[in-house]
Amino acid sequence: MASANAQGRPKTIDSHLHIWASPQEAADKYPYFPGQEPTLPGHLDFLLQCMEEASVEGALIVQPINHKFDHSLVTSVLKKHPTKFVGCCLANPAENGTGVKQLEDLILKDGYRAVRFNPYLWPSGQQMTNEVGKAMFSRAGELGVPVGFMCMKGLNLHISEITELCTEFPSTAVLLDHLAFCKPPLNDEEKLAFSELLKLSRFPQVYVKFSALFRVSRMSSPYLDLVPLLAEVVSNFGANRVMWGGDFPYVVPESGYKGAKEAACLIASRASLSSSEVEWIMGKTVMQLFQGQWLP
């Protein structure tokens with residue numbers, strides 16, 4: 001099996017984590033963006049140690065807000081570990097349109113294979129469907145690079161933008177970070193958000209990250225209130241469009257990194273998913289999306 005490693009165990013690949021400079025690296029070479037100094041350690045050696053303990057073979061590194069549009073640290077890690085990590089860059093929605101060229105350079109010169117749209121970085125009053133947003137979104141599709149959406153303040157705020165982009169540019173694959181920030185619904189607004197998430201399954205190019213479980217659960221680890229949500233997401237999207245992500249290093253004080261992987265597997269088993277479906281969620285989906293990476 002293509003995704004099995006030497007022991008015959010399917011590979012576990014983390015679809016969502018971050019990395020940033022240690023204070024020493026920040027002082028020497030990779031400064032933090034002013035006002036975005038991290039409060040947690042998130043340096044490479046710590047990540048590698050956590051991944052080894054958890055038996056996670058590879059990951060998609062998402063450019064952190066702590067370095068904002070300066071991708072030099074993540075780029076250096078991708079160069080150092082080309083078979084372990086894939087990069088997701090951060091889209092720059094500056095009104096002058098320079099973000100399109102930055103995006104092209106990060107993909108074509110530095111080898112990034114995904115891009116994150118953070119709607120809260122758009123100029124005030126602007127939406128991700130503005131001219132710059134559409135230019136970056138369509139260019140990502142032309143370059144074969146998926147776009148990840150971070151709907152931290154709620155999917156309801158952004159569903160119309162995401163739907164419009166998916167409809168107008170169907171060749172751009174889409175990743176919804178952290179279950180699109182849908183918590184187990186307790187009221188009508190939350191029920192609506194979750195039903196809108198499920199409805200996005202009508203677009204075959206849309207994938208869901210079952211990631212940062214501590215951000216969407218109302219319980220402590222192992223987050224068993226997410227069992228019905230995962231069951232419904234898999235039943236609508238199929239396991240081959242769902243991918244686990246740990247959200248290192250934010251996850252470390254929550255459940256520990258290894259604990260995050262174990263929680264995801266427990267939730268999947270409680271949701272009565274088959275071992276094949278669990279394999280898709282824990283690695284095969286992201287490996288298929290980024291073909292040619294994480295090969296045995």
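# A guided tour of the predicted model

A search of the whole structure finds 13 salt bridges, a salt bridge being a side-chain nitrogen of Lys or Arg within 4 Å of a carboxyl oxygen of Asp or Glu. This is a predicted model, in which local features need pLDDT of at least 70 and side-chain atom pairs count only at pLDDT 80 or more, while totals for chains, interfaces and linings use all residues. Residues are numbered from 1 along each chain as its sequence is written, and side-chain values use heavy atoms, with hydrogens and water left out.

**Stop 1: salt bridges**

Select Arg9 and Glu57, which form a salt bridge whose closest N and O atoms are 2.4 Å apart. Arg9 lies in the segment before β1 (13-17) and Glu57 in the loop between α2 (44-54) and β2 (58-62), so the pair ties together parts that are 48 residues apart in sequence. Helices (H or I, at least four residues) and strands (E, at least two) are DSSP runs, numbered from the N terminus. Arg9 is partly exposed, with a relative accessible area of 31%; buried means under 20% relative accessible area, exposed over 50%, and partly exposed in between, with a 1.4 Å probe and protein chains only.

Next, select Lys134 and Glu164, a salt bridge with its closest N and O atoms 2.8 Å apart. Lys134 lies in helix α5 (residues 131-142) and Glu164 in helix α6 (residues 155-168), so this pair ties together parts that are 30 residues apart in sequence. Glu164 is partly exposed, at a relative accessible area of 34%. Now add Glu168, which also forms a salt bridge with Lys134, the closest N and O atoms being 2.8 Å apart. Because Glu168 lies in helix α6 and Lys134 in helix α5, the pair ties together parts that are 34 residues apart in sequence. Glu168 is partly exposed, with a relative accessible area of 42%. Then move to Lys101, Asp105 and Lys109, which are joined into one network by salt bridges that share partners.

**Stop 2: the nonpolar cores**

Select Phe117, Phe149, Leu176, Leu197 and Tyr257, the residues with the most contacts inside the largest nonpolar core, which has 85 residues. A nonpolar core is a set of buried Ala, Val, Leu, Ile, Met, Phe, Trp, Tyr and Cys residues joined through side-chain atoms within 4.5 Å. Leaving aside neighbours within four places in sequence, Leu176 is in contact with residues including Phe149, Ile162, Leu197 and Leu200, where contact means heavy atoms within 4.5 Å. Apart from the largest core lies another core, of 15 residues, among them Ile13, Val62, Cys88 and Ala173.

**Stop 3: Arg241**

Select Arg241, whose place is in the loop between α9 (227-237) and β8 (242-245). Which side chain of opposite charge is nearest to Arg241? That side chain is Glu277, 13 Å away, and Arg241 is buried yet has no salt bridge; in this reckoning Lys and Arg count as positive and Asp and Glu as negative, while His and the chain ends are not counted. Beyond neighbours within four places in sequence, Arg241 is in contact with Leu200, Ser201, Phe203, Pro204, Val206, Tyr207, Val208 and Thr285.

**Stop 4: backbone details in the loops**

Select Ser221 and Pro222, where the joining peptide bond is cis, with omega near 10°; Pro222 lies in the loop between α8 (213-216) and α9. Another cis peptide bond joins Phe248 and Pro249, with omega about -5°, and Pro249 lies in the loop between β8 and α10 (252-255).

Asp247 is found in the loop between β8 and α10, and has a positive phi of about 65° although it is not a glycine. Is Asp247 buried or exposed? Asp247 is buried, with a relative accessible area of 1%. Select Ser272 next, in the loop between α11 (257-270) and α12 (275-289); its phi is near 60°, a positive value in a residue other than glycine. At 63% relative accessibility, Ser272 counts as exposed.

**Stop 5: Val286**

Finally, select Val286 in helix α12, which is buried, with a relative accessible area of 1%. Val286 and Met243 are 43 residues apart in sequence and 6.3 Å apart in space, C-alpha to C-alpha. Leaving aside neighbours within four places in sequence, Val286 is in contact with Ile13, Ser15, Met243 and Trp294.
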